[in-house]
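Trainee: Please take a close look at one part of this model with me. I would like to follow the aromatic rings and what surrounds them.

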Amino acid sequence: MGDNSTVNRTSDQTADRPIFQALLVPYRSLGPRGFTVVMAFVALVSLATSLGFLARGAWPVVGFFGLDVLLVWWAFRASFRSAKAREEVSLSRTDLAIRKISPRGVVREAHHNPFWARFRVARHEEIGITRMSVDSNRISTEIGGFLNPDDRESFAREFHRALLTAKGR
C-alpha cells in the first residue's frame with residue numbers, strides 16, 4: 001500500500017508555488033542628491049530676491065521668502081515619505097494575495113480565489129490605464145494606483161497573463 005499523503009503534499013506544494021510575484025513601488029524622479037540641488041537653488045534664489053527687497057526697504061517681505069523655502073522643503077519631504085508605500089502581489093493556483101503597506105508601515109492584506117477573481121482595468125483614450133482592480137465575491141482590491149502609465153500597462157499585461165495561467169486557460 002502506497003503513501004498517498006506524500007503525493008497529496010507534493011501536489012499541494014506545487015499548487016501553492018507562486019506563478020507570479022510583483023513588488024509595486026511609487027516612482028520618484030528626484031533622488032536625494034537632486035533634492036539637495038533643487039533646495040539649494042530655491043534657497044539661493046529666495047535669498048538673492050529677499051536681499052533685493054531688503055535693500056529697497058521692504059524688510060517685511062524677507063520673511064515670506066523664507067516661508068516659501070520652508071513650504072517647498074515640506075512638500076518634497078511629504079512626497080519622499082509617500083514613496084515608502086508599496087504593494088506586494090503574489091499569485092498561485094490556489095491564492096491571489098495583495099498586500100498593501102502604507103508609508104507609515106500599516107499592512108492591509110486581501111486574498112482572492114484566482115479561479116473567481118476578475119482583473120478589471122479602466123482605460124482613458126489619452127492617458128491609458130487609470131485604474132486596476134481585482135474583484136471577486138463582492139470584494140474589490142485596487143492595485144497599483146500610484147504607478148505611472150507605462151508601469152501600469154506592463155504590470156496589467158503580465159498580471160493578466162499570469163491570472164489566466166493560474167485559471168488553467
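Mentor: Start with two rings. Phe-119 is buried, and Phe-159 is buried too. Keep in mind that this is a predicted model.

These two residues also form an aromatic pair. Their ring centres are 4.8 Å apart, and the planes meet at 70°. That makes the pair edge-to-face, because planes over 60 degrees apart fall under that heading. Now place the partners. Phe-119 sits in strand β5, residues 118-124. Phe-159 sits in helix α4, residues 149-166. The pair therefore ties together parts that are 40 residues apart in sequence.

The two rings have company. Phe-20 and Phe-155 join Phe-119 and Phe-159 in one aromatic cluster.

Next, look at the sheet around β5. Three strands build an open sheet, in the order β5-β6-β7. The pairing is antiparallel. β5 and β7 (139-143) stand at the edges. Each has a single partner strand, so one side of each is left without a neighbour in the sheet. Neighbouring strands are turned against each other by 25° on average, direction ignored.

Zoom in on one pairing. β5 meets β6, residues 128-136, over seven bridges in the antiparallel sense. Here Arg-118 stands opposite Asp-135 in β6. Then bring the helix back. α4 lies across β5, β6 and β7. It runs at about 30° to β6.

Now compare another aromatic pair. By the pairing rule, the count comes to eight aromatic pairs. One of them joins Phe-115 and Trp-116. It is edge-to-face, with 5.1 Å from centre to centre and 85° between the planes. How accessible are these two? Phe-115 is partly exposed, with a relative accessible area of 44%. Trp-116 is exposed, at 55%, because exposed means over 50%.

One more ring deserves a glance. Arg-77 lies over the face of Phe-35, at 5.6 Å from the ring centre.

Finally, step back to the protein chain. It has four helices and seven strands. From the N terminus on, the elements run α-β-α-α-β-β-β-β-β-β-α. The radius of gyration is 25 Å, well over the 15 Å that the globule rule gives for 169 residues, so the chain is more spread out than a compact globule. Along its principal axes, the C-alpha trace spans about 100 × 40 × 25 Å. Of the 169 residues, 27% count as buried. Phe-119 and Phe-159 are buried, as we saw at the start.

Methods
Residues numbered from 1 in each chain as written. Predicted model: local features only at pLDDT ≥ 70, side-chain atom pairs only at ≥ 80, totals over all residues. Heavy atoms only, no water. Phe/Tyr/Trp six-rings, centres within 6.5 Å; stacked < 30°, edge-to-face > 60°. Buried < 20%, exposed > 50% of the residue type's maximum accessible area, 1.4 Å probe, protein only. Helix = DSSP H or I, 4+ residues; strand = E, 2+ residues; numbered from the N terminus. Lys NZ or Arg CZ within 6 Å of the ring centre and 35° of its normal. Pairing = 2+ DSSP bridges. Axes fitted to C-alpha atoms, helices over the stretch in contact; angles between N-to-C directions. Contact = heavy atoms within 4.5 Å. Rg over C-alpha atoms; globule rule 2.2 N^0.38 Å.
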